[in-house]
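Please open the model in your viewer and keep the sequence beside it, because we will move from one selection to the next.

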Amino acid sequence: MSDLHLTRRSAARALLVAGAAAVLPGTFPAAAQVIPTRAPASVLRVATFPDLDRAAIAAAPRWRALHPDVELKLLSMQYADHHLSMTTALATGSGLPDVMAIDLRYIGKFAGSGGFVDLNQAPFNAGAHADEYVRFAMAQGAGPNGAQVAIPADLGPGTLIYRKDLLDQAGVSEAEITRDWSAYLAAGERIRKATGAYLMADAADLRDIALRQGLRDGEGLYFDADGRVLVESARFRQAFELGRAARRAGLDARAIAWTNDWAAGFKQGRIATQMMGAWLVGQLRNWIAPQTAGLWRSAPLPGGVRAAYGGSFYAIPKKAANKTAAWDFIRLMTADAQVQLESLQVRDSFPAMRAVLRDPAMDEPIAFLGGQRARRLWRETAASIPAIPVNRFDALATTVIRDEFERVVAKGKAIAEALADARYLIERRARRR
């Protein structure tokens with residue numbers, strides 16, 4: 001998934017939060033204000049961002065009941081501001097919270113910073129709880145040398161969301177858009193001809209998914225175990241070729257995720273499919289295109305790809321003042337079934353806690369998807385996503401690959417040349433950091 005996807009997603013979600021309740025830095029909205037019955041013995045400072053902060057707000061009464069002497073102080077900033085502020089705090093060692101929320105885009109960079117507690121060590125002993133969480137998400141929260149620096153709160157099983165009415169109009173079945181990449185693109189040509197709708201919003205979406213084709217446990221997306229750059233591999237060549245084929249065939253709307261044009265494409269029925277995290281269903285229902293309720297369905301990603309789109313984590317900085325309460329808060333948010341279910345209901349987030357995936361809520365029909373019991377599919381996907389390690393330079397590599405791909409599809413740059421340049425740029429920039 002590109003940097004822009006995650007950034008835009010969080011910015012868009014922030015608008016939803018602002019519309020529901022004003023969350024100011026350091027405060028809760030009045031409805032969820034933590035008011036201890038007596039002066040608190042200590043304060044727990046949690047730095048987070050919209051709309052992950054909504055999960056903490058929902059859990060605040062439960063925290064108060066469990067820890068009446070520890071005031072929960074939520075420090076919520078917009079997505080980009082939060083991660084920039086935390087980067088600065090880690091670099092300077094000042095202004096650090098007791099608990100830091102981290103988005104998947106930044107987890108590799110932060111995990112490799114050396115600024116967080118290894119939660120595998122006593123008294124936290126996170127390794128003893130590893131089986132409580134979805135396996136691939138725990139791997140994402142691991143840093144160098146096997147240190148567990150972050151615990152997953154939610155995750156985004158990758159899925160293909162599609163407009164059933166458009167496919168029906170074109171005589172295209174779900175099997176055709178999921179069988180393999182060739183069938184997916186061929187179906188897109190039929191959909192375009194019959195309905196005028198584009199197969200996808202942006203060819204970059206196809207590239208991002210294809211980059212994850214065939215990955216196995218322990219294999220990095222951009223880097224191998226020894227830190228060597230992998231972007232000139234056959235996996236990257238195929239991803240670039242597929243994205244270029246989609247663009248040349250006129251199958252993408254050239255709409256960048258989380259822009260107005262992108263949202264309008266869904267509202268107006270101009271985009272037939274979208275590869276993204278399962279949480280997109282909630283975004284479509286709540287603000288992007290609520291008027292399209294009942295027209296969408298969820299399917300596996302084409303070609304049997306198992307991939308994650310986004311996810312949220314909690315970590316404890318080494319210089320945190322209240323580490324014991326910080327660990328209790330992390331366990332509340334990530335290992336309490338009631339809290340995880342509330343987050344599913346409040347935020348449409350997909351739980352990282354395995355026990356919750358067996359809850360009857362996973363079998364409930366989703367009205368927006370025409371009554372489809374799609375969480376069953378997402379649960380199966382989550383269980384089979386490979387445990388891919390993160391690297392501190394993943395975000396850098398994502399940016400470089402995105403830019404080189406744009407030169408291929410927009411300016412006709414040769415794929416081999418683009419990938420060679422990408423490898424050079426990643427290696428050079430990584431050496432400078």
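Does Asp348 count as buried or exposed? This model is predicted, and in it Asp348 has a relative accessibility of 16%, so Asp348 counts as buried, since buried means under 20%. Select Asp348 and look at its surroundings along the chain, where you will find the loop between helix H14 (337-347) and strand E8 (350-351). Now turn to the backbone of Asp348, whose phi is near 60 degrees, a positive value in a residue other than glycine. To see why this deserves a pause, keep in mind that most residues other than glycine have a negative phi, and that most peptide bonds are trans.

Next, select Asn125, which lies in the loop between H4 and H5. The phi of Asn125 is near 55 degrees, again a positive value in a residue other than glycine. With a relative accessibility of 35%, Asn125 counts as partly exposed, because that label covers what falls in between the 20% and 50% cut-offs.

Stay in this part of the chain and select Pro123, which is placed in the loop between helix H4 (104-111) and helix H5 (135-140). The peptide bond that leads from Ala122 to Pro123 is cis, and its omega is near 5 degrees.

For the last stop, select Pro50 together with Asp51, and follow the peptide bond that runs from Pro50 to Asp51, which is cis with omega near -5 degrees. Asp51 itself sits in the loop between strand E1 (42-48) and helix H2 (52-66).

Methods:
Residues are numbered from 1 along each chain as its sequence is written. This is a predicted model: local features need pLDDT of at least 70, side-chain atom pairs count only at pLDDT 80 or more; totals for chains, interfaces and linings use all residues. Side-chain values use heavy atoms; hydrogens and water are left out. Helices (H or I, at least four residues) and strands (E, at least two) are DSSP runs, numbered from the N terminus. Buried means under 20% relative accessible area, exposed over 50%, partly exposed in between (1.4 Å probe, protein chains only).
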